[in-house]
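Me: I am new to this structure and would like a careful look at a single part of it, followed outward into its surroundings.

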Amino acid sequence: MKNLVAGIYKALKVEHEEITKVWDSSVRATHHFISEEYLNYLKPLIKNEYLSSVQLFTLKDAQGVVLGFIGVDEDKVEMLFIHPAAIGKGYGKKLLEFAITELKINKVDVNEQNIAAISFYEHMGFKSIGRSPVDGLGKPYPIIHMKL
């Protein structure tokens, strides 16, 4: 029964610790271009600020374990992360389709070095509409702006 998806749920504040762990493991598995120092800087911001600043939804297995999450602000995906053990099983697609259909998102920003994520969003119908040479905190991690 493990890993059968139970559904998508509005995240609770008490889940932020577990969600942050999913973020951390996902970023370490997929964002090899980000320095350890920057990850350590971002982690408390994710847990204590960023998760609370978006509409946050989790995708859980039948046992209630968070397999992934999506954070949305207005019409934009601000974060979408899947636990490394659950990547490639359609969970990211399920969360993104939920956000498109139910939350009416049509924009996302993606790290330029994260080729797999860019390919995923392109596969889901997003097109590149611009580029920023730095991330939202002014660090040298270029961002591709995409729109559905």
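Me: Is His16 buried or exposed, and what can be said about the helix in which His16 lies and about the largest pocket?

Reply: A word on the model comes before the residue. This is a predicted model, in which local features need pLDDT of at least 70 and side-chain atom pairs count only at pLDDT 80 or more, while totals for chains, interfaces and linings use all residues. Residues are numbered from 1 along each chain as its sequence is written, and side-chain values use heavy atoms, with hydrogens and water left out.

His16 counts as buried because its relative accessibility is 7%, where buried means under 20% relative accessible area, exposed over 50% and partly exposed in between, with a 1.4 Å probe and protein chains only. His16 lies in helix α1, residues 16–30; helices are DSSP runs of H or I with at least four residues, strands are runs of E with at least two, and both are numbered from the N terminus. Leaving aside residues up to four places away in sequence, His16 touches Lys47, Leu51, Ser52 and Leu56, a contact being heavy atoms within 4.5 Å.

Helix α1 also has a partner in helix α2, for the buried residues of α2 pack against α1. In α2, the residues Tyr38, Leu39, Leu42, Leu45 and Ile46 are buried. In general, an α-helix has 3.6 residues a turn, so residues three or four places apart point the same way.

Further along α1 comes Trp23, whose ring is paired with that of Phe81. Rings of Phe, Tyr and Trp (its six-membered ring) pair if their centres lie within 6.5 Å, and planes under 30 degrees apart count as stacked, over 60 as edge-to-face and the rest as tilted. By this rule the count comes to 8 aromatic pairs. The pair of Trp23 and Phe81 is edge-to-face because the planes stand at 75°, with the ring centres 6.5 Å apart. This pair links distant parts of the chain, since Trp23 is in helix α1 and Phe81 in strand β4, 58 residues apart. Both Trp23 and Phe81 are buried, and Phe81 has a relative accessible area of 14%. Phe81 forms an aromatic pair with Phe69 as well, and this one is tilted, at 5.7 Å centre to centre and 35° between the planes. Here the link runs from Phe69 in strand β3 to Phe81 in strand β4, 12 residues apart, and Phe69 counts as buried at 0% relative accessibility.

Phe81 leads on to the largest pocket, which holds about 1200 Å³ of space. On a 1 Å grid over the protein atoms alone, a pocket is an open set of points where a 1.4 Å probe fits, with protein on both sides within 12 Å along at least five of seven lines, and lining residues have an atom within 4 Å of a point; the volume is the space filled by probe spheres set on the points, which are joined across faces, edges and corners. Of the 44 lining residues, the closest to the centre are His31, Glu78, Met79, Phe81 and Asn111. The elements that give two or more residues to this lining include α1, α2 (36–50) and β4 (76–82), and β4 gives the most, with 7 residues. By class, the lining has 25 nonpolar, 12 polar and 7 charged residues, where Ala, Val, Leu, Ile, Met, Phe, Trp, Tyr, Cys and Pro count as nonpolar, Asp, Glu, Lys and Arg as charged, and the others, Gly among them, as polar.
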